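Could you walk me through reading the sheets, rings and cores of a protein model? I would like the general idea each time, and then the case in hand.

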Amino acid sequence: NSLQVGYEYTFTWDGSKDSDLNSQTSNPTILPKPCIPADVQVFSGPNDICFGGTTSFTYTAVQGANVTWSMQSAPNAYTITDNNGTVTVTHKGSTTVNGENKLLYTVTGDNDFCSESGVDSGKTITILAKPTITADNKEQEICQGATATLSVKESMTSYLWSTGATTQSISVGEAGTYTVTATNAKGCESNTLTFTVTVTPLPNA
C-alpha cells in the first residue's frame, strides 16, 4: 500500500463488516512526490567563438524550470546570459583559453522540478586563437615629398587601416602614427599593429 505525497486519495467502504479497508490503509507507505523533468533541449548555433567574441543559441525547457548555464573549463573566462530561451556566451578576452569547451546546464529543484547539476548540454564551443599580424619597418623616416610604404606581412581576408584603407599595404607621405587590424577567414580580428612615420624637411637651397 503506497501513497505519494502531493496527491489526493479517496477510499470507499462498502459497509460490509468483512471489508478490510482498515487493514489496507492503517500503515500505508508514503512515497515522495515524483519530480518533473525539465526536458532541456539545445538547438543550433555557431560552435566557434573568436577570442573575445560571442555566440548565441536557443533552447527549450518545460515552462517554470529554472535553468542556469556554465562552462566546463575556465568558467570565469566567460559571461553567459539567458534571455527568454536565447543563451549568449561571450569570451571575455582577458584570459587565454583556446580549444574546445563544453557548455553545461543546471536545473534547480524548486517548483517540483528534478534537480540536475552540471549536465552536458551537447553543445561544444571552440575558442579560436586571436590571429597575429606583424610587419617590418614599423618605424620609418622619409624626406619631405617622399612616401613610405606600410605593409602587413600576413595574408588575411580583410584589413582596416586608421586611414580608412582596406588593402594589405598603404603608402603615406605625412608624418604620424598609423594603425591597422586584420580579419581572418573565420571572422576573427587580429591584434592592432602600429606604424610611426617621421618626415624630415628638405635642406634649404
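What follows is a dialogue between a learner and a teacher about this predicted model.

Q: Let us start with sheets. Which order do the strands of the open sheet of four strands have?
A: Strands of a sheet pair through backbone hydrogen bonds, and the pairing can be parallel or antiparallel. Here the open sheet of four strands runs in the order S4-S10-S9-S6, and its pairing is mixed.

Q: Which strands stand at the edges of that sheet?
A: Strand S4 (48–50) and S6 do. Each has a single partner strand, so one side of each is left without a neighbour in the sheet. Neighbouring strands of this sheet are turned against each other by 35° on average, with direction ignored.

Q: How many bridges join S6 to strand S9?
A: Five bridges join them, and the two strands run antiparallel. To find one of the partners on screen, look at Trp 69, whose bridge partner in S9 is Tyr 105.

Q: Trp 69 sounds worth a closer look. How do I describe a pair of aromatic rings?
A: A pair of aromatic rings is described by two things, the distance of the centres and the angle of the planes. The structure holds four aromatic pairs. One of them is formed by Phe 57 and Trp 69, with 5.9 Å centre to centre and 80° between the planes. This pair counts as edge-to-face, because the angle is over 60 degrees.

Q: Where in the chain do the two partners, Phe 57 and Trp 69, sit?
A: Phe 57 lies in strand S5 (residues 54–60) and Trp 69 in strand S6, 12 residues apart, and the pair links distant parts of the chain.

Q: Are Phe 57 and Trp 69 buried or exposed?
A: The cut-off you need is that buried means under 20% relative accessible area. Phe 57 has a value of 2%, so Phe 57 is buried. Trp 69 has 12% relative accessibility and therefore counts as buried.

Q: Which residues form the aromatic cluster?
A: Phe 57, Tyr 59, Trp 69 and Tyr 105 form one aromatic cluster. You have met Tyr 105 already, as the bridge partner of Trp 69.

Q: Now the nonpolar core. Which residues of the largest one touch the most other members?
A: When reading a core, ask who its members are and which strands supply them. The largest nonpolar core has 19 residues, and Val 40, Val 67, Trp 69, Val 89 and Val 107 touch the most other members. S5, S6, S8, S9 and S10 each supply at least two residues of this core. Val 40 is a good residue to click on: beyond residues up to four places away in sequence, Val 40 touches Tyr 59, Thr 60, Ala 61, Val 67, Trp 69, Tyr 105 and Val 107. Apart from this core lies another, of 17 residues, among them Met 156, Trp 161, Val 172 and Val 197.

Q: Val 172 belongs to a strand. Which residues are on the covered face of strand S14?
A: Reading a strand face by face is a handy habit. In strand S14 (residues 169–172), Ile 170 and Val 172 make up the covered face, while Ser 169 and Ser 171 make up the uncovered one. S14 is joined to strand S12 (residues 148–151) by four bridges, and the two run antiparallel. Ser 171 is the bridge partner of Thr 149.

Q: Back to S8. What does S8 pair with?
A: S5 and S8 pair in the antiparallel sense over five bridges, and Phe 57 stands opposite Val 87 in S8. S7 is joined to S8 by six bridges, again antiparallel, with Thr 81 opposite Thr 88.

Q: What does the side chain of Thr 88 contact?
A: The side chain of Thr 88 makes a polar contact of 3.0 Å with the side chain of Ser 56. Outside its neighbours within four places in sequence, Thr 88 is in contact with residues including Thr 54, Thr 79 and Ile 80.

Q: And backbone angles: which residue takes a positive phi in the hairpin of S7 and S8?
A: The hairpin has two residues between the strands, and Asn 84 takes a positive phi near 55°. Two loop residues can be read in a similar way. Ala 74, between strand S6 (67–71) and strand S7 (78–83), has a phi near 45° and is partly exposed at 36% relative accessible area. Asn 137, between strand S10 (116–128) and strand S11 (139–143), has a phi near 55° and is exposed at 56%.

Notes: Residues numbered from 1 in each chain as written. Predicted model: local features only at pLDDT ≥ 70, side-chain atom pairs only at ≥ 80, totals over all residues. Heavy atoms only, no water. Buried < 20%, exposed > 50% of the residue type's maximum accessible area, 1.4 Å probe, protein only. Phe/Tyr/Trp six-rings, centres within 6.5 Å; stacked < 30°, edge-to-face > 60°. Polar contact = N/O pair within 3.5 Å; in protein donor to acceptor, adjacent residues only side chain to side chain. Contact = heavy atoms within 4.5 Å. Pairing = 2+ DSSP bridges. Axes fitted to C-alpha atoms, helices over the stretch in contact; angles between N-to-C directions. Core = buried A, V, L, I, M, F, W, Y, C linked by side-chain atoms within 4.5 Å.
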